[in-house]
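Dear colleague,

I am handing over the structure we spoke about, and I would be grateful if you could look through it with the notes that follow. They take the cysteines and the metal site to begin with, then the charged pairs, and then a loop residue.

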Amino acid sequence: MKKLIWKIQYDSTPLVYRHCKKCGKKTHFKSSDQFRVNAQRQYLDIWLIYKCTKCNTTWNATIYSRISPQTLTAEQLNQFQENDQVLARNYAFSSELLHKSGTECELPEFSVVGDDIITGEYAEVKLISEYILPIKISAVLRKKLHLSQKAYKELVENGRIKDRSDRNLLKSKLNLEAVFVFLP
Ligand SMILES: [Zn+2]
């Protein structure tokens, strides 16, 4: 049996849909990959800065609010102050942060990287996402296999694609990874 690995690659960080004061309507905000750190007084505040994609007006998503500076190690604080790019990306993909901010989040476009499956082939595929996003397994598989909703449904109902942990392939959301078996 052929074993493959597919990875989800996101085109950008998730966009936040919220009211922009300058535009006077709801617009999309994108992470600027920059943090704002306020460590002047006895409390520490940290935000991730978002910018309106139309007019660049900023909006700060709260990461830490009025915490004791001792909560973070010097190294952690330094990562925020230096705008560590991995950290900024992790926060921009954090559904917890977006949920906490009470904003609507729009999933970024993505592509699925990895060798294609030849029809009629017996194969096992491990699908990996770097971030936990509310993305449906069916959306990912349909994209990679270039299938219409109907054709995908048929494949699943005929047992030609199976999830190793028996998840419902029509409804389930992908967590960090999933393993599928393709049957001829
Ligand atoms: Zn704006």
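A disulfide is taken here as a pair of cysteine sulfur atoms within 2.5 Å, and by that criterion the structure, which is a predicted model, holds zero disulfides.

What, then, are the protein donors of the zinc ion? They are the SG atoms of Cys20, Cys23, Cys52 and Cys55, lying 2.3 Å from the zinc ion, and in sequence these donor residues follow the spacing C-x2-C-x28-C-x2-C. Within this set, cysteine 23 and cysteine 55 link distant parts of the chain, being 32 residues apart; cysteine 23 sits in the loop between β2 (15–20) and β3 (25–38), whereas cysteine 55 sits in the loop between β4 (44–52) and β5 (58–67). The arrangement around the zinc ion is tetrahedral, because the four donor atoms subtend angles of 103 to 115 degrees, and four donors are counted as tetrahedral if all angles lie between 85 and 135 degrees.

As for how these cysteines stand towards the surface, cysteine 20 has a relative accessibility of 1% and therefore counts as buried, since buried means under 20% relative accessible area. Cysteine 55, at 21%, counts as partly exposed, and cysteine 23 is likewise partly exposed, with a relative accessible area of 27%.

Turning to the charged side chains, the count comes to nine salt bridges, and I describe some of them here. In one of these, the side chains of lysine 2 and glutamate 121 meet with an N to O distance of 3.2 Å. That pair links distant parts of the chain, 119 residues apart, with lysine 2 in strand β1 (residues 2–10) and glutamate 121 in the loop between β7 (110–113) and β8 (123–128). Lysine 2 is partly exposed, at a relative accessible area of 32%, while glutamate 121 is buried at 19%.

A salt bridge also joins the side chains of lysine 3 and glutamate 124, at 3.7 Å from N to O. Here too the pair links distant parts of the chain, in this case 121 residues apart, with lysine 3 in strand β1 and glutamate 124 in strand β8. Is each partner buried or exposed? Lysine 3 is exposed, with a relative accessible area of 61%, whereas glutamate 124 is buried, with a relative accessible area of 13%.

A further salt bridge is formed by the side chains of aspartate 163 and arginine 167, with an N to O distance of 3.7 Å. Aspartate 163 is buried, its relative accessible area being 5%, and arginine 167 is partly exposed at 25%. Salt bridges that share partners also join Lys3, Glu124 and Arg164 into one network.

The remaining note concerns asparagine 83, which is found in the loop between α1 (74–81) and α2 (85–92). Asparagine 83 has a relative accessible area of 16% and is therefore buried. Which residues is asparagine 83 in contact with, leaving aside its neighbours within four places in sequence? They are Asp33, Gln34 and Phe35.

With kind regards

Conventions. Residues numbered from 1 in each chain as written. Predicted model: local features only at pLDDT ≥ 70, side-chain atom pairs only at ≥ 80, totals over all residues. Heavy atoms only, no water. Buried < 20%, exposed > 50% of the residue type's maximum accessible area, 1.4 Å probe, protein only. Helix = DSSP H or I, 4+ residues; strand = E, 2+ residues; numbered from the N terminus. Contact = heavy atoms within 4.5 Å. Donors = N, O, S within 2.8 Å, 3.2 Å for Na, K, Ca; no water. Tetrahedral: all angles 85-135°; square planar, octahedral: opposite > 155°, others 65-115°. Salt bridge = Lys/Arg side-chain N within 4 Å of Asp/Glu carboxyl O.
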